[in-house]
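Student: I have not seen this structure before. Could we go through it by question and answer?

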Amino acid sequence: MLSAKHVYKTYLEKVSIFKWHENKVIEDFSYDFLSGTRYGIIGVSGSGKTTLASILAGYDRPDSGSIIYSKHPSDGSSIRVRNVFQDTYRFLNPVNTLEWYEKNISAISPDPKLIDKILDAVGLPLERFGSLYIDQLSGGQRQRLAFAMVLSQLPDVLILDEPFSMIDPPNAMVLFSLIRKYLDKSTVIYIDHNIDRVAYLCDHIIAFDKGRIVEEDDVKKIFETQKTEYVEKLIWASEKISSRMKRQP
Ligand SMILES: Nc1ncnc2c1ncn2[C@@H]1O[C@H](COP(=O)(O)OP(=O)(O)OP(=O)(O)O)[C@@H](O)[C@H]1O
Ligand SMILES: [Mg+2]
């Protein structure tokens, strides 16, 4: 389980020589992300989702407040937290090959053979792609490799910040089924602008605006109630797109 307690984050932006603007990105964010549950976080661009993901993953520090990781709320035992961000170059270095990553991940994974199985499942078998350098992979292949590296470590908490933006829908379905298969007991936090993908993978949706939760509920209820304008617009847009497709012969 992962708990955020009264998290605040403000960035200072220089407006002129003497003037600074306080950009309050996260304001008093508290939430208990439970094990065995997949949470989708949606929100307009600039609403603070990546900032929150970085803080939850331990990449960035909040100005105040705390993030508590534990298997059970009371025992404070250590857990494995992993993340995949949209920009894969945050953790894939172009000087390395796919095989280099496969070896290194296999050495630290609880199941050393799992990385090979997952690379096969995501369409990057070692025999075919092992010798390729990171720069020789396509954007979607890099995202699939990053995902395979993280998933094969069987994290207790997996944080995904738009990690499938370059991945085609059939491959995204494969990744979703792998998450369901291997991380059934973990906490998954999935950020995406595509509400259909979020609704497909997640149990619960959190709508986020200006660093605060503005709406949250089970996926089904979010679709029924559509309390905020942003959620309403997202669902409207997705229905519009799918109804247009249905009219095609
Ligand atoms: N390192 C930084 N320094 C200063 N300001 C930052 C920094 N990182 C983010 N911000 C600001 O914080 C705000 C929230 O950014 P963030 O990347 O968290 O939004 P987001 O919800 O992930 O947006 P998107 O959907 O476009 O990815 C933005 O106004 C951004 O300019
Ligand atoms: Mg973002």
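Student: Which residue follows α1, and what is the sign of its phi?

Tutor: This is a predicted model, and the angle is computed from it. The residue that follows α1 has a phi near 85°, a positive value. That residue is glycine 58.

Student: Is α1 itself mostly covered or mostly open, and how many of its residues are buried?

Tutor: A residue counts as buried if 20 or more other C-beta atoms lie within 10 Å of its own. In α1 the residues that pass are Lys49, Thr51, Leu52, Ala53, Ile55 and Leu56. The helix has eight residues and is mostly covered. The number buried is six.

Student: Which element gives the most residues to the shell around ligand 1?

Tutor: The shell consists of Tyr11, Asn23, Val25, Gly43, Ser45, Gly46, Ser47, Gly48, Lys49, Thr50 and Thr51. Two or more of these come from each of β2 (20-33) and α1 (49-56). The top contributor gives three residues, and it is α1.

Student: How many residues of the shell around ligand 1 are polar?

Tutor: Sorted by class, the shell around ligand 1 has two nonpolar residues and one charged residue. The polar residues there number eight.

Student: Which helix gives the most to the largest nonpolar core?

Tutor: The largest nonpolar core has 56 residues, and Ala148, Ile189 and Tyr190 have the most contacts inside it. The helix that gives the most supplies seven residues. Domain 1 (1-14 + 24-80 + 159-164 + 187-249) and domain 2 (82-154) each add at least three residues to this core. The helix in question is α5 (residues 139-151).

Student: Which residues does alanine 148 touch, leaving out those up to four places away in sequence?

Tutor: Alanine 148 is among the residues with the most contacts inside the largest core. With residues up to four places away left out, its partners are Ile115, Ile118, Leu119, Val122 and Leu124.

Student: Why does the radius of gyration of the protein agree with that of a compact globule?

Tutor: The protein has 249 residues, and a compact globule of that length would have a radius of gyration near 18 Å. The C-alpha atoms fill a box of roughly 55 × 50 × 45 Å along the principal axes. The radius agrees with the globule because the value for the protein is 19 Å.

Student: What share of contacts joins residues at least 24 apart?

Tutor: The secondary structure comes to nine helices and nine strands. The share is taken among contacts between residues at least 6 apart in sequence. It comes to 69%.

Terms used
Residues numbered from 1 in each chain as written. Chains lettered and ligands numbered in written order. Predicted model: local features only at pLDDT ≥ 70, side-chain atom pairs only at ≥ 80, totals over all residues. Core = buried A, V, L, I, M, F, W, Y, C linked by C-beta atoms within 7 Å. Buried ≥ 20, exposed ≤ 12 C-beta atoms within 10 Å, placed from the backbone. Helix = DSSP H or I, 4+ residues; strand = E, 2+ residues; numbered from the N terminus. Domains from an automatic or database assignment. Contact = placed C-beta atoms within 7 Å. Near = placed C-beta within 6 Å. Nonpolar A, V, L, I, M, F, W, Y, C, P; charged D, E, K, R; others polar. Rg over C-alpha atoms; globule rule 2.2 N^0.38 Å.
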